[in-house]
Structures are given as C-alpha cells and as structure tokens.
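Got a few minutes and a structure viewer open? Here is a small problem set to work through at your own pace.

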Amino acid sequence: MTAAIVADDVSRTYELDGVSVPALRGVSLTVEAGDYVAIVGTSGSGKSTLMHLLGGLDRPTGGTLLIGGRDVSKLTPDEMAELRNTTIGFVFQSFHLLARTTAQDNVGLPLVYRGIGRRERRERAAAMLGRVGLAHRVTHRPNQMSGGEQQRVAIARALVTGPSVLLADEPTGNLDSATGQSVLALLESLNADGVAVVLVTHDRDVAARAHRQIVMKDGLISAAG
Amino acid sequence: MRLAEAWRVALEALRANRLRSMLTMLGVIIGVAAVVALVAIGTGTKQQIENQVEGLGSNLLLVVPGRIEAGSAPTSSPLTLDDIDAINRVVGDRTRVAVTIASGETVRAGSRTRFASMQGVLETTPTVFVRNLDRGTYLTRTDVSTGRRVAVLGAGTARDLFGDRDPIGRQITIGGVRFRVIGVFEPLGQSLGVDRDGEVHVPVTAAQRLLGTERIDGIAIRAPDRERIGELSDAVVATLAERHPDTDFSAVTQEQILGVLGDILGVLTGVLAAIAGISLLVGGVGVSNIMLVSVRERTKEIGLRKAVGARPRDIGVQFLLEAVLLTTTGGILGMALGAGTALLVDGLSPVPAALTWWSMTLAFGVSAAVGIVFGVVPAQRAGRLDPVVALRTE
Ligand SMILES: Nc1ncnc2c1ncn2[C@@H]1O[C@H](COP(=O)(O)OP(=O)(O)O)[C@@H](O)[C@H]1O
Ligand SMILES: [Mg+2]
C-alpha cells in the first residue's frame with residue numbers, strides 16, 4: 001500500500017518585500033495510510049507551513065512532495081483542487097466556517113465541488129454530523145453554536161468526502177481544555193476507524209498518544225520518533 | 001450542481017448587502033432606463049411624423065421652384081395659374097392637381113384675433129391631400145374661378161376665433177379683408193410642437209388679390225399610380241422648365257420625403273441611445289468597483305472554498321454570476337423604469353413615445369454584457385487567489 005503523503009527534503013521559502021524567509025529548510029516525512037502523527041514545536045518553527053504543504057494548500061519551493069502518490073509540482077491548479085477535495089481533509093485552528101450557513105450546508109460544501117446534488121449533500125452532511133456527535137445541530141448556524149461544536153462541524157466537513165488523511169493544525173487552540181479534550185478524542189476515534197491523522201498540538205500528553213511524534217525547530221525536524 | 005451553488009451564493013451575497021447592491025444597480029438602472037425612454041421618444045416622434053407624411057396620401061408628388069438642397073436659398077416663384085393649366089394638360093385630370101400660395105396673416109372675428117397661415121388653394125385640395133371637414137363645406141370650383149371671399153378654417157383657428165360657437169356663415173377678416181366662413185377642418189394635432197390646425201384655406205384667386213400677386217408657391221399632384229410617378233414627375237418638370245427657362249424646378253415624392261425624414265430621425269435616435277449608453281458604461285464601472293470590494297471582503301471565504309476543493313473557475317463563475325445578476329436585475333428594473341417614463345411622457349406631454357422591443361432587448365442584453373465585461377477582472381482576481389494567503393488574511 002502506498003503512503004498517503006511522502007515529503008522528501010521539502011523546503012518552503014517566503015519572499016517578503018524582497019527578503020527571503022526560509023520557513024521550512026528541508027523536511028522529510030512519510031504519512032502512512034492510517035497513521036497518527038503529532039507535530040509539536042515552538043511558535044514560528046514552521047508547523048503550519050508544513051501542514052499547508054501536506055494539505056496541498058501551498059506548494060514547496062524545493063524538494064519533492066507526493067500526496068496520494070501524485071507529485072504536486074506536476075499538478076495543475078485544477079488537479080490540486082481535486083486533491084484537496086478528495087484526498088485531504090483540513091481542520092483549522094479558527095474553524096473557518098461560512099457564517100449565515102447551516103452546519104449541514106457547511107459540512108456539505110466540499111461535495112458541491114464534486115458536483116453532488118443538494119439533497120444528497122444534505123443527507124451525507126447530516127450523517128457526518130451524527131458521526132461527530134452533532135445530530136441535534138444540523139440546521140444551526142455557526143453563531144448559534146459553541147466553539148467545540150463549531151470545530152466538530154469543521155471536522156465533519158473535512159471528513160465528508162471520505163479523505164485518506166485528516167490534517168488538523170492546532171484544532172484545540174481556540175477551545176477551553178475540556179472541550180479540546182473531547183475534540184481530540186473525536187480525532188483519535190476517527191483514526192481508529194482508519195483515517196490517517198496529522199495533528200499539530202502543544203499538548204505533550206496528546207502527542208504522546210500518537211503513533212509518532214515530530215518536533216519542529218527553525219524550519220527543520222529536530223526529533224522524530 | 002456547481003453552477004446551482006454559484007447562483008445560490010451570488011444571490012445570497014447580493015441579499016446580504018441589499019443597500020449596496022441597490023446603489024450599485026442604480027447606475028445600470030438609470031443607464032438602461034435612459035436608453036429605453038430616449039429610444040421610445042425618438043421612435044414615437046419618427047412614427048408620428050411618418051404618419052403625418054403618409055396622411056398626406058400616397059402617390060403624392062410635390063413640385064416647387066428651386067433646388068431642394070441644404071443651404072440653397074429659397075427661389076422666388078415664377079409659377080402662375082397659367083402654368084397650372086399646362087400641368088393639368090400633362091396630368092390629364094385637373095382633380096389631381098393642387099396649388100398653394102401661403103402667407104401668415106392676422107385673422108379677426110369680432111374682437112378676437114389670431115395669427116394664422118393663410119393658404120390660397122384650389123377646390124381640389126381635399127382630394128389631393130387627405131383632409132376631412134368637421135363642419136360645413138369646402139371651396140368650390142366657382143369659388144376659385146370667381147375669387148369669392150370664402151374661407152375654411154383649421155380646427156385651431158376656429159377654436160381661437162369662435163370658441164364653442166358655430167363659425168359657419170360668420171364673417172372674419174384676413175389681412176383686413178372680409179371673408180365668410182363656410183367650413184371647418186377636422187383637427188390634425190401637433191407635430192414637433194408645431195400646431196397644424198392654425199390654418200385658413202381661401203380660393204387661390206382671392207389670396208392672390210389680397211397679396212397683390214399672380215404667383216403661386218408650389219404644386220402638388222396625386223399620381224394615378226405608383227409606377228408612373230417618376231414618369232409624371234419628369235414630364236411636369238420638363239413642362240415647367242420649358243415655360244420658365246431661367247428657373248430650376250424640383251419634384252419630390254412622398255416616399256422620398258419619408259426616406260429623408262426617416263434617416264434624420266433614425267440618426268437622432270441613435271445618438272440619443274448612444275449618449276444614454278455612456279451612462280450604462282459608467283454604471284458598469286461602478287459594478288466593477290463593488291465587485292472588487294466584494295472579492296476583498298470575502299477573501300477568507302474564497303480561501304476556504306478553495307481549501308475544500310473549489311477550482312479557480314468555480315470561484316470565478318461565482319463572482320461573475322454575482323456581477324451579471326447585479327446588472328441584469330438593474331437592467332430589468334431599468335427597463336421597467338424606462339418604459340414607465342416613456343408611457344408617462346406619451347400620455348402626459350405632447351411628445352410621443354413608442355416602446356420598441358429591440359431597444360428593450362438591446363438595453364437588457366447590454367446590461368448583461370456590462371456585467372460580464374466588468375465582472376471578469378474581479379472574478380479572475382478571486383479565482384486566482386492563493387488558498388493559503390486567503391486563509392491567513394485576518
Ligand atoms: N506568508 C508568509 N510570508 C512570510 N513569512 C511567513 C508567511 N507565513 C509564515 N511565515 C513565516 O514562516 C515561519 C513559520 O511560520 P509558521 O509555519 O506559521 O509557524 P508555526 O505554525 O510553527 O507557528 C515564521 O517565521 C513566519 O513568520
Ligand atoms: Mg501555526
């Protein structure tokens with residue numbers, strides 16, 4: 001079975017007003033199918049930059065990156081969009097739900113770009129909301145839900161297309177610790193069901209429960225295991 | 001499905017910013033309304049004038065001394081009633097030949113006076129031109145041959161001089177000379193703000209005596225059939241040229257007049273529409289501006305949509321639809337406003353207006369096109385946004 005994501009000596013340098021900012025300086029990492037990887041590291045060490053690359057939201061400026069077996073440097077913008085839609089589910093620290101849109105329609109959004117009709121989108125979204133424990137919030141809007149509920153909606157949205165990898169960048173960063181724990185428990189149960197999970201966290205205990213831990217420092221992996 | 005979602009999102013975006021959407025549409029509404037209303041007024045005016053010229057009757061040939069050309073000075077007429085005898089022989093039917101000598105005169109009835117266009121004419125006028133009487137009788141051949149001082153009034157002249165009283169049999173003076181009213185024309189209304197009912201018909205002989213002249217100003221002939229009108233025109237001009245070697249004569253048919261008037265009014269309508277079109281363009285620039293603002297405001301939303309799988313073109317279509325929705329909604333409202341304005345103008349003012357499907361369709365089509373043209377740049381900008389950059393924007 002091919003690995004979900006393979007990064008080989010991947011780097012990413014930002015150009016800011018003519019100054020080069022090397023956010024990643026050569027990172028190699030493999031995410032196997034069904035894997036559970038925790039990434040830790042100080043703020044500014046390049047964790048988000050790496051996650052964006054792994055999720056196909058951005059492209060490396062050096063090295064080779066394979067997502068779902070495909071070399072992202074050879075993909076067109078449309079193919080990248082398809083990859084983000086089908087292979088990857090992304091969960092952000094700040095949820096990024098559409099306001100004025102129900103939980104169900106937020107979750108169904110990725111299915112829009114698969115050309116799936118509204119009725120089926122809503123059915124699948126409702127089922128996915130049930131899976132994350134929000135069967136009673138189907139028609140609620142983000143401003144009618146707690147932070148923990150909003151993040152569960154975001155997780156349901158990431159899962160609705162049945163991706164092989166779930167990428168979560170500090171998903172509990174905006175939540176109180178009790179709520180954060182329940183969100184992490186949800187991610188772990190999803191992993192138990194076979195979805196590979198890559199999780200950025202500051203919580204050592206959480207990281208310890210992962211299959212593998214990666215420590216980032218100054219754009220490099222300083223420790224892995 | 002993607003398109004349905006794009007429609008839904010575009011509608012939702014416009015609804016969420018109702019006031020801004022309305023203000024943006026206003027430019028398009030005014031532009032489209034201006035095009036529709038101005039074209040309607042141009043078309044209405046054209047139709048009215050054409051109807052009037054057609055109302056003169058078909059197969060009409062007008063002969064005047066001089067050349068009919070822009071900038072040529074009016075020629076003083078050498079025509080007399082002797083020429084009419086010659087033309088009658090050419091035409092072969094004197095009931096088909098009419099003449100006129102016109103002069104503006106003060107007309108008085110009792111204490112009331114008004115300025116009117118006195119027309120010295122033959123008894124053939126109502127058959128050559130289509131003119132119907134409201135009351136009384138028209139001039140007779142005897143009236144003309146004896147120079148009897150009888151008059152037929154235009155509806156406006158009759159109203160101003162006699163009000164509700166019946167003018168038939170009453171005395172009036174024209175240029176100080178006494179005439180007896182024997183008939184009143186049906187009203188014709190106005191054209192281009194000119195009252196066409198302010199006339200007085202008298203026998204040409206009486207008019208000549210009043211004015212102390214033998215001349216007549218012009219001749220009108222109703223040709224027996226359309227095919228021979230050119231032939232007849234040449235024969236008449238040749239006859240007149242032979243009798244007056246020093247003068248040029250021009251003959252125009254009613255169709256030629258219609259053609260020229262139609263061209264002039266067509267150009268005028270086109271110019272009006274073009275001016276109105278410019279305001280539509282200005283409206284389009286407004287749409288473009290607002291769309292750019294909208295893209296900036298929704299940068300995060302665009303980033304999120306891209307993150308979950310929207311292609312550049314999915315985002316582009318969404319914003320393009322929003323722009324087109326703005327302008328076509330504006331276009332429909334503008335059409336309604338323009339049509340309403342045209343109907344009001346037509347009903348409440350002497351200016352005629354006629355709605356045309358082509359102008360409505362054109363204005364709507366242009367507003368949709370404006371949406372596409374001015375929506376493309378913002379839509380492309382939105383489509384090309386980098387998902388990471390868009391998501392990091394706070
Ligand atoms: N768009 C950008 N332009 C320039 N520099 C950036 C950009 N995004 C991140 N960086 C820089 O890259 C480094 C790594 O950032 P990030 O990956 O967000 O770190 P972390 O998520 O570990 O806190 C930081 O120094 C940050 O300032
Ligand atoms: Mg980060």
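The exercises below deal with a predicted model, and each comes with a worked solution.

**Exercise 1. Work out whether chain A is as compact as a globular protein of its length.**

Solution. Start with the parts list: chain A has seven helices and 10 strands. Next, take the radius of gyration, which is 17 Å for chain A, and set it beside the 17 Å that the globule rule gives for 225 residues; the two are close, so chain A is as compact as a globular protein of that length. For the outline, the C-alpha trace spans about 45 × 40 × 40 Å along its principal axes. Now look inside: 54% of the 225 residues in chain A are buried. Finally, check the contacts: of those in chain A with a separation of 6 or more, 69% are between residues 24 or more positions apart.

**Exercise 2. Find the span of chain A that UniProt annotates as "domain: ABC transporter", and describe it.**

Solution. The record, an unreviewed entry, puts this annotation on residues 5–225 of chain A. In the model, that span is 35% helix and 29% strand. Its end C-alpha atoms are 17 Å apart.

**Exercise 3. Locate Tyr113(A) and list what it is in contact with.**

Solution. First, place the residue: Tyr113(A) is in the loop between α3 (103–112) and α4 (118–131) of chain A. Then ask about exposure. With a relative accessible area of 5%, Tyr113(A) falls under the 20% cut-off, so it counts as buried. Now for the contacts, skipping neighbours within four places in sequence. From chain A there is Asn85(A). From chain B come Arg2(B), Arg305(B), Val308(B), Gly309(B), Ala310(B), Asp314(B) and Gln318(B). As an extra distance check, Ser182(A) is 69 residues from Tyr113(A) in sequence, and their C-alpha atoms are 30 Å apart.

**Exercise 4. Split chain B into its assigned domains and look up its transmembrane regions.**

Solution. Begin with the domain assignment: domain 1 of chain B takes in 2–52 + 260–392, while domain 2 is 76–247. Between the C-alpha centres of these two domains you'll find 54 Å. Then turn to UniProt, where an unreviewed entry places "transmembrane region" at residues 21–42, 264–294, 315–337 and 357–377 of chain B. Check two of them against the model. Residues 21–42 of chain B are 100% helix, with end C-alpha atoms 31 Å apart. Residues 264–294 of chain B are also 100% helix, and there the end C-alpha atoms are 45 Å apart.

**Exercise 5. Which aromatic pairs are there, and are they stacked or tilted?**

Solution. Over all chains, the count is two aromatic pairs. Phe90(A) and Phe92(A) make a stacked pair, at 4.8 Å centre to centre with 25° between the planes. Phe90(A) is buried at 8% relative accessible area, and Phe92(A) is buried too, at 6%.

The other pair is Tyr138(B) with Phe185(B), which is tilted: 5.9 Å centre to centre and 50° between the planes. This pair links distant parts of the chain, 47 residues apart. Tyr138(B) is in the loop between β4 (133–136) and α5 (141–146) of chain B, and Phe185(B) is in strand β7 (residues 177–185). Tyr138(B) is buried at 10% relative accessibility, and Phe185(B) is buried at 1%. One last step: look at the ring of Phe185(B) again, and you'll see the charged end of Arg131(B) sitting over it, 4.0 Å from the ring centre.

Key: Residues numbered from 1 in each chain as written. Chains lettered and ligands numbered in written order. Predicted model: local features only at pLDDT ≥ 70, side-chain atom pairs only at ≥ 80, totals over all residues. Heavy atoms only, no water. Domains from an automatic or database assignment. UniProt positions renumbered as here; feature names shortened; annotations may be inferred. Helix = DSSP H or I, 4+ residues; strand = E, 2+ residues; numbered from the N terminus. Phe/Tyr/Trp six-rings, centres within 6.5 Å; stacked < 30°, edge-to-face > 60°. Buried < 20%, exposed > 50% of the residue type's maximum accessible area, 1.4 Å probe, protein only. Lys NZ or Arg CZ within 6 Å of the ring centre and 35° of its normal. Rg over C-alpha atoms; globule rule 2.2 N^0.38 Å. Contact = heavy atoms within 4.5 Å.
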